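The following exercises concern the structure shown below. Each task is followed by a worked solution.

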Amino acid sequence: MQMQDSAYVTMDQLRVGLYVYIDLRWFEHPFAFNSFKIKDEEQIRSLRSLGLARIRYDPARSDKATPSGSELVVAPAETVAPVVKEHPALAAKRALIEKIRVQREAAARIESAFVDTARTIHNVEKNLLTNPAETLREANQLISQIADSFLDAPELAIHVMGDKIGSEELYFHSLNVTMLSLMMARDLKLPAEVMQCLGMGALFHDLGCREIPDKILKKSEPWTLAERNYYELHCAYGAEIGRKLGFAQLVLDVIQQHHEMVDGSGYPARLKGDAISLSARIVAIANYYDELCNPLNIANALTPHEALSTMFARLRGKFDPKLLQLFVRCLGVFPPGTIVQLSNGVIGMVATINTAKPMKPMIVAYDADIPKEEAILIDMDGTVDVNIVKAIRPAQLPREIYAYLSPRKQVSYYFDAGSPNKESVAK
């Protein structure tokens, strides 16, 4: 935001209420932002310690009781070589930058693994009935791979699962639900054999949809009562196929019950509370969340934050309350990948969550004057005077801003979704 002619003050003219711009790289000063309104004498002392001869400021954004026109230094905006002194916050900033660099490298690997896994799920479902023994062996192996590949870096996996990756989004719903379910199961410390059955049930929860006509599955308009009744049969169809294939009872429970709700409003058996298996209650939450975020008609998609808010504020009676709280804790109030606006107007993306303080995640901030590799990182836990105002739908952002903020190389989140290609049902 360097201007041809700028208003400057010398360092001894700094006052509380001045809105200043620090013309240094973000990791060369100890402040959370490169521009801000001075709020106390401590900030003035820190600014003076930077070794700058003068500092740029914005009269329009400053309090009125600041230096008058006669006190201003108006000059061409040439740079003044700083003598930057080390500050304790600088080492922490450099550590954050390194963390985000490693995260972006890992995101590329996660993204590739995600697409490969979706392809494998496609092959598993295609070959399930023609070569069941080998396919089930492959499916069990796949559950372990999902746990190993994605759950070690769940925040990056959440980033990727929210994105659309062109034609490769086929079977992503099954993968998303499996990953989210296993994420919850891991936090519950369920036994390995239970987690394996849970993963299989999540992977094949929509198995019975192969018996439902495409004209129902892919219908974008509301279903008729007859169509809805037909669709609801997919739970029974899936369980019947699973029995023929020799699925364990825990797996069959998930397939049969993943649309049951603890208040009895679900289907097919209108079960309530603990009458629904624990694994099915877990998958029901993951399934509902992904359907809100990734519906068949992408125009109806909610952001991760909106989906969680809807489930927790309006629909919480439908889900196991302890599991729903666990789910929010796993994803954060603002899940990784959520675009947010801060109270100072800055746009950012949630990079990592703070499980102890869900409203205080780590944010990657957008600044056109700063290269993506040096992007500002804001630990909301340490910024007492700035908070998150709202979540923003990615489609509301210019594409270049989303590309700047995302850790991923491919960026197509909600932008290229004119002709959805999803084969799983989101109703």
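Two strands pair if DSSP finds at least two bridges between them; helices (H or I, at least four residues) and strands (E, at least two) are DSSP runs, numbered from the N terminus. The model is predicted: local features need pLDDT of at least 70, side-chain atom pairs count only at pLDDT 80 or more, and totals for chains, interfaces and linings use all residues. Residues are numbered from 1 along each chain as its sequence is written, and side-chain values use heavy atoms, with hydrogens and water left out.

**Exercise 1.** Determine how strand β2 runs relative to β4, and whether the faces of β4 are covered or not.

Step 1. Strand β2 (residues 19-21) is joined to β4 by 2 bridges, and the two run antiparallel.
Step 2. Opposite Tyr57 in β4 stands Val20.
Step 3. In a regular strand, side chains alternate between the two faces of the sheet.
Step 4. In β4 (residues 54-57), Arg54 and Arg56 lie on one side, Ile55 and Tyr57 on the other, and all are buried, so both faces are covered (buried means under 20% relative accessible area, with a 1.4 Å probe and protein chains only).

**Exercise 2.** Characterise the crossing of helices α3 and α6.

Step 1. The axes of α3 (residues 132-150) and α6 (residues 192-203) come within 9 Å and cross at roughly 110°; axes are lines fitted to C-alpha atoms over the stretch in contact, and angles run from 0 to 180 degrees between N-to-C directions.
Step 2. The helices α3 and α6 are therefore roughly perpendicular (65 to 115 degrees).

Methods: Buried < 20%, exposed > 50% of the residue type's maximum accessible area, 1.4 Å probe, protein only. Parallel < 35°, antiparallel > 145°, perpendicular 65-115°, else oblique.
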